[in-house]
Amino acid sequence: MSALISIVLAVDPLVAVEATALDPAILDAAFLSTLPATTGFYLALAMVTLVVHVLFMNYAIAGTLYVAAAAVAGRYSGRSAMGSTGSLSMVVRDWLPSAVSAAITAGIAPLLFIQIVYQKAFYTANLLLFNRWMAILPVLIIAIYLMYLLKAKHLVTTRATKAAVGVGAAALMVYVTLAFVENHLVSLAPSSWPSMYESSASMLGSALLWLRLGMWTAGAFPLFCAIAAWQLVRGAGGAGENECAAAARTLARLALVGGAISLACLVGCAFKSDAFAASTTSIAGRPYAIVACLGACVAAGAWTVILVRQRLPRALVAAACTGSLLVVAGMTVVREVHRLAQLSGTDGAPREVPFGGGFAVFVLFAAIGLGVIAWIVRTVARSLPPTAP
Ligand code: HEM
């Protein structure tokens with residue numbers, strides 16, 4: 001099987017993913033508490049900014065897959081043929097380019113912090129993936145153009161062209177997801193670096209890679225559905241009560257099934273990787289895993305009631321959003337506990353990130369950036385037409 005995958009994907013031998021064993025001292029203490037203050041500071045910033053990236057990235061992944069499926073099924077073909085889920089498809093299709101742009105923009109901050117903290121592991125993974133890592137840039141550019149093309153009513157007119165463009169955009173987004181997942185796993189597995197370097201071996205035959213891809217891809221649906229529901233409730237695309245009611249069942253099903261598949265993949269990852277399981281149940285990871293579980297229960301409860309009632313009451317949509325955000329925040333930390341072993345230097349102690357010059361400049365520009373974002377959001381929100389209560 002792995003030989004077949006190698007041929008299909010034109011890569012050389014496959015390597016097993018063997019994550020570095022985790023340091024018990026790191027696992028048996030509160031998250032960040034065992035790290036030097038500067039390392040902990042930048043890692044905390046990486047976590048906070050990564051959550052924002054995941055928020056938009058979830059909408060981008062699940063939204064593209066949903067729009068592709070809707071295009072294949074002929075579910076949207078203009079206002080006149082909205083049908084039960086047409087309104088939802090149109091709203092998601094319209095917002096996709098913005099969501100992808102936001103995911104890209106929000107990815108830059110964690111990228112910088114993670115590079116600072118995990119220099120060796122992160123850069124080595126980038127270099128070993130090389131062309132497949134660099135391909136992210138052109139792939140994202142093409143994906144965004146395809147998403148705009150999907151909105152061009154006069155260019156993409158037939159069901160076949162809509163389906164082709166939608167499926168193309170979705171395939172490219174899955175490629176980007178795969179690239180990030182593989183990069184993360186490579187960075188966790190220094191023992192496989194020599195064979196990857198010597199023979200261009202890849203991890204594409206590893207079950208862990210596909211389980212993790214499944215976890216991220218299916219796991220993007222609950223938050224995507226919560227945000228899309230919130231958009232409809234707020235009247236996006238002119239959606240009224242009928243459109244909200246029509247979309248309620250689809251969104252609830254997608255969120256519940258996506259969440260269940262993601263959970264199954266997560267359990268699969270825990271079986272495949274002792275380090276993954278240990279980081280989740282460790283003292284460092286457990287509180288955050290509990291937060292994620294609570295969030296999942298809240299979101300699942302809200303979607304179940306929505307499924308039964310076939311309505312999108314604001315309180316339930318808010319509960320679904322809050323639950324999914326708790327899952328993302330909790331799992332972002334659990335994911336990081338798994339990687340903390342990569343911080344150990346040659347003496348075994350966690351590496352200290354130097355608090356070099358220019359910190360004041362960093363703080364200044366961070367404050368200016370946040371201020372400008374807040375101003376833009378406020379200005380745009382004020383100029384939006386009022387929506388029905
Ligand atoms: C819109 C398309 C994108 C998608 C679908 C996507 C998807 C992902 C996924 C699935 C992960 C988690 C990987 C894992 O834990 O296994 C991830 C992490 C990350 N992404 Fe994105 N991403 C996108 C764009 C970007 C861009 C353009 C940037 C940078 C500017 C970026 C920065 C990051 C960073 C820094 C991480 C954390 C990496 C790490 O912890 O090693 N992403 N992304």
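Me: What makes the residues of the shell around the ligand nonpolar, polar or charged, and how do they divide?
Reply: There are 17 nonpolar, four polar and two charged. Ala, Val, Leu, Ile, Met, Phe, Trp, Tyr, Cys and Pro count as nonpolar, Asp, Glu, Lys and Arg as charged, and the others, Gly among them, as polar. One heads-up: this is a predicted model, where local features need pLDDT of at least 70 and side-chain atom pairs count only at pLDDT 80 or more, while totals for chains, interfaces and linings use all residues. Residues are numbered from 1 along each chain as its sequence is written.

Me: Which residues come nearest the ligand, and what makes a residue near?
Reply: Ala-103, Gly-107, Leu-111, Phe-180 and His-184 come nearest, out of 23 around the ligand. Two or more shell residues come from each of H3 (37-72), H4 (83-117), H8 (159-188) and H10 (207-233), and H4 gives the most, with eight. To be near, a residue needs its C-beta atom, placed from the backbone, within 6 Å of the molecule. The helices themselves are DSSP runs (H or I, at least four residues), numbered from the N terminus.

Me: Why is Pro-222 called buried?
Reply: Pro-222 has 32 other C-beta atoms within 10 Å, so it is buried; the cut-off is 20 or more (12 or fewer is exposed, in between is partly exposed, with C-beta atoms placed from the backbone). Pro-222 sits in helix H10. Beyond its neighbours within four places in sequence, it is in contact with Ala-255, Gly-258, Gly-259, Ala-299 and Ser-324; contact means C-beta atoms, placed from the backbone, within 7 Å.

Me: How do you know that the length of H15 (359-383) agrees with what a helix should span?
Reply: The expected span is 1.5 Å times one less than the number of residues. For the 25 residues of H15 that should be 36 Å, and the end C-alpha atoms are 36 Å apart, so the two agree.

Me: How many residues of H15 are buried?
Reply: Zero of its 25, so by the burial cut-off H15 is hardly covered.

Me: Which helices do the buried residues of H13 pack against?
Reply: H10, H11 (241-272) and H14 (314-339). Those buried residues include Ala-299, Ala-302 and Trp-303, and Ala-320 touches these three.

Me: What makes the largest nonpolar core a core?
Reply: A nonpolar core is a set of buried Ala, Val, Leu, Ile, Met, Phe, Trp, Tyr and Cys residues joined through C-beta atoms within 7 Å. The largest has 114 residues, and Ala-320 is one of those with the most contacts inside it. H3 gives the most to this core, with 18 residues.

Definitions and conventions: Contact = placed C-beta atoms within 7 Å.
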